[in-house]
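This report describes selected features of one protein model. Please examine the sequence and the structure before reading on.

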Amino acid sequence: FNTCNEALYTDVKTAQWYCVFVTAVTNAGYFVGGGNGNFYPDNTLSRPEMAIVLDRAVGNPDRWAVIYQ
C-alpha cells in the first residue's frame, strides 16, 4: 500500500497517509463507515464496534448489523 487513488469517504482525502489503509479495510469488508459517506477517522473505536470488525475478519459478515446500529 503506497498510493490512494480514490477516497471512499468524504472525510478521508486521498492525500491523507491513512487513505490506503481505510480503502483496504473497507474493500475487505471489515469496516463500512458511518453510513452517511463518512468514515470518522478521528473517532475512538468502541468495544462493540471492534467486536464486529473482528467477527467480520474471521468470516462472519454482518451478523451484528441488525443488533448494533
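Are cysteine 4 and cysteine 19 buried or exposed? Both of these cysteines are buried. It should be noted at the outset that the model is predicted.

**The disulfide and helix 1**

The structure contains one disulfide. Cysteine 4 and cysteine 19 form this bond, and their sulfur atoms lie 2.0 Å apart. The disulfide links distant parts of the chain, since cysteine 4 belongs to the segment before helix 1 and cysteine 19 to helix 1, with their positions 15 residues apart in the numbering.

Helix 1 spans residues 19-27, and its buried residues are Cys19, Val20, Val22, Thr23 and Thr26. These residues lie on the same side of helix 1, because they cover an arc of only 165° around the axis. After helix 1 comes glycine 29, which has a positive phi near 90°.

**Aromatic pairs**

The count of aromatic pairs is four. Two of them are set out below.

| Pair | Arrangement | Centre to centre | Angle between planes |
|---|---|---|---|
| Tryptophan 17 and tyrosine 18 | edge-to-face | 5.4 Å | 90° |
| Phenylalanine 31 and phenylalanine 39 | tilted | 5.7 Å | 55° |

How do the partners in these pairs stand with respect to the surface? Tryptophan 17 counts as exposed because its relative accessibility is 67%, and the cut-off for exposed is over 50%. Tyrosine 18 has a relative accessibility of 17% and therefore counts as buried, the cut-off for buried being under 20%. Phenylalanine 39, with a relative accessible area of 16%, is likewise buried. Phenylalanine 31 is partly exposed, because its relative accessible area is 23%, a value that falls in between the two cut-offs.

Ring pairs also join Phe31 and Phe39 with Tyr9 in a cluster.

**A nonpolar patch on the surface**

Which residues form a nonpolar patch on the surface? The patch consists of Leu45, Met50 and Leu54, which together have about 250 Å² of accessible area. Methionine 50 is located in helix 2, which covers residues 47-57. The relative accessible area of methionine 50 is 33%, so this residue is partly exposed. This value also satisfies the requirement for patch residues, namely over 30% relative accessible area.

How values were computed. Residues are numbered from 1 along each chain as its sequence is written. This is a predicted model: local features need pLDDT of at least 70, side-chain atom pairs count only at pLDDT 80 or more; totals for chains, interfaces and linings use all residues. Side-chain values use heavy atoms; hydrogens and water are left out. Patches are made of residues with over 30% relative accessible area and no salt bridge: like charges are joined within 9 Å, nonpolar side chains (Val, Leu, Ile, Met, Phe, Trp, Tyr) within 5 Å. Accessible areas come from the Shrake-Rupley method with a 1.4 Å probe; for residues, only the protein chains shown count as cover. A salt bridge is a side-chain nitrogen of Lys or Arg within 4 Å of a carboxyl oxygen of Asp or Glu. Helices (H or I, at least four residues) and strands (E, at least two) are DSSP runs, numbered from the N terminus. Buried means under 20% relative accessible area, exposed over 50%, partly exposed in between (1.4 Å probe, protein chains only). Rings of Phe, Tyr and Trp (its six-membered ring) pair if their centres lie within 6.5 Å; planes under 30 degrees apart count as stacked, over 60 as edge-to-face and the rest as tilted. The arc is that of the directions from the helix axis to the C-beta atoms. A disulfide is a pair of cysteine sulfur atoms within 2.5 Å.
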